[in-house]
Amino acid sequence: MKDFLLSVFLLLSLAASAQWTKLTSYDKYDEMAQEYMDRDDGYTYVINYWATWCGPCVKELPYFEQLLKDYSHDKTKVILVSLDFPKKVDSKLLPFLNKHNIQSEVVILDDPKSNIWIDKVDLSWEGAIPVTIIYRGEKRVFWDGEFDTYEDLDKLFLSIHN
Amino acid sequence: MSQFLLVLFSLVMPFTSSNEVGDPYTVGDKVEDFNLKSVDGNMYSLSSAKNVKGYIVVFTCNHCPYAVMYEDRMNDLNAFANKNDFALFAINPNDPNKVPEDGFAEMQVRAKEKGFEFPYMMDEGQKVYPKWGATKTPHAYVLDANMVIQYIGAIDNSPRDAAAATINYVEKAARSILLGETPAITKTKAIGCSIKTM
């Protein structure tokens, strides 16, 4: 019985410490976009393109987590689209998500045809990350670069959400 | 007082942000020559390359994984340039105060490790990259003999796997210039690291 409890405890603690064990990876932008970039369901979508190797991206990640916390009850979805390299997913991305206890939805985009899909995200985007798209139905805004503060993100979010 | 400063700031900001460098270059623009210090300690300009048929300029750096993935291909590109009377220049646009890994001494180390035989220069004071409109590393430009930009964008179409590249955009543009033609592809996009400023 004691052993049983111990193993339950171990299992639970393992589950708690390793919330992230696998991720959906899209090798076609269009398939990812269909799922997240082009919804019209009354929700406000916040889509952030990032990678663990990108310093400014990692720095602003807590703002997106905060946004999720503040608005998840209010028809809002936050999706972090990781551009991490496939061979770094197990060694870097998953440990990062677990270490920082990331609550937002995370997907991997691994479409090598960047010359085509970057324009689909936004014509003005040159390809440097991070960038963020916030949309609800037809209302849409593209933010090129990082957010300096949570307030900046919140303000932009509300301009679409309200 | 703080309101006064705010008003002053908002009056000044639009001017500083838009007039500081003018519109960045685009395809068809003739560039102003630069004069930057390379890892060998010498200053280089486009015009320091004599009797060339064109120029390749790549904004790149030490720290960005996408730039790192192209390091060996930069050597290949230099071999291509030498063979075809082009001159290759690499410029690190990042502020080393923001990214210590992109400091001048660190550039020297990397250039030696990778055996770079082309100038790898620091954009001291970050004055060059805004004029060129570079937004990331790597960001490549191909210019004709008159220093007119003919191509802006990625080096090839497969950042992560050199062997899987089916189009080398930079070489393709250079070959068009050699033939006296306008490149068929003049702009491409690729993922990269933003240019780091304080």
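These legends accompany several close-up views of a predicted model.

**View 1. Chain A and its run of helices and strands.**
Let's start with chain A as a whole, which holds six helices and seven strands. Read from the N terminus, its elements follow the order α-β-α-β-α-β-α-β-α-β-β-β-α. Of the 162 residues in chain A, 30% are buried. If you look at contacts in chain A between residues at least 6 apart in sequence, 72% of them link residues at least 24 apart.

**View 2. A three-strand sheet with strands from chains A and B.**
Here you can follow an open sheet of three strands in the order E5(A)-E9(B)-E6(B), and its pairing is mixed. Strand E5 of chain A (128-129) and strand E6 of chain B (136-137) are the edge strands; each has a single partner strand, so one side of each has no neighbour in the sheet.

**View 3. The two pairings of E9(B), strand by strand.**
Zoom in on E9(B), and you will find that E5(A) runs parallel to E9(B), with two bridges joining them. Within this pairing, A:Ile129 sits opposite B:Cys193. E6(B) pairs with E9(B), residues 192-194, in the antiparallel sense, again over two bridges. Look for B:Lys136 here, which faces B:Ser194 of E9(B).

**View 4. Where chain B touches chain A.**
This view takes in the contacts between the chains: 14 residues of chain B meet 15 residues of chain A. On the chain B side, E9(B) gives the most, with three residues. That side of chain B is made up of five nonpolar, six polar and three charged residues.

**View 5. Helix H6 of chain B and its buried side.**
Which residues of H6(B) are buried? In this helix, residues 169-178 of chain B, they are B:Tyr169, B:Val170, B:Ala173, B:Ala174, B:Ser176 and B:Ile177. These residues span an arc of only 155 degrees around the axis, so they lie on the same side of H6(B). It helps to recall that an α-helix has 3.6 residues a turn, so residues three or four places apart point the same way.

**View 6. What covers H6(B), and what comes just after the helix.**
Several elements of chain B help to cover the buried residues of H6(B), including strands E3 (54-59), E4 (86-92), E7 (139-144) and E8 (149-153), along with helix H3 (71-83). Before you leave this view, glance at B:Gly180, just after H6(B), where phi is positive at about 75 degrees.

Technical notes. Residues numbered from 1 in each chain as written. Chains lettered and ligands numbered in written order. Predicted model: local features only at pLDDT ≥ 70, side-chain atom pairs only at ≥ 80, totals over all residues. Helix = DSSP H or I, 4+ residues; strand = E, 2+ residues; numbered from the N terminus. Buried ≥ 20, exposed ≤ 12 C-beta atoms within 10 Å, placed from the backbone. Contact = placed C-beta atoms within 7 Å. Pairing = 2+ DSSP bridges. Nonpolar A, V, L, I, M, F, W, Y, C, P; charged D, E, K, R; others polar. Arc of directions from axis to C-beta.
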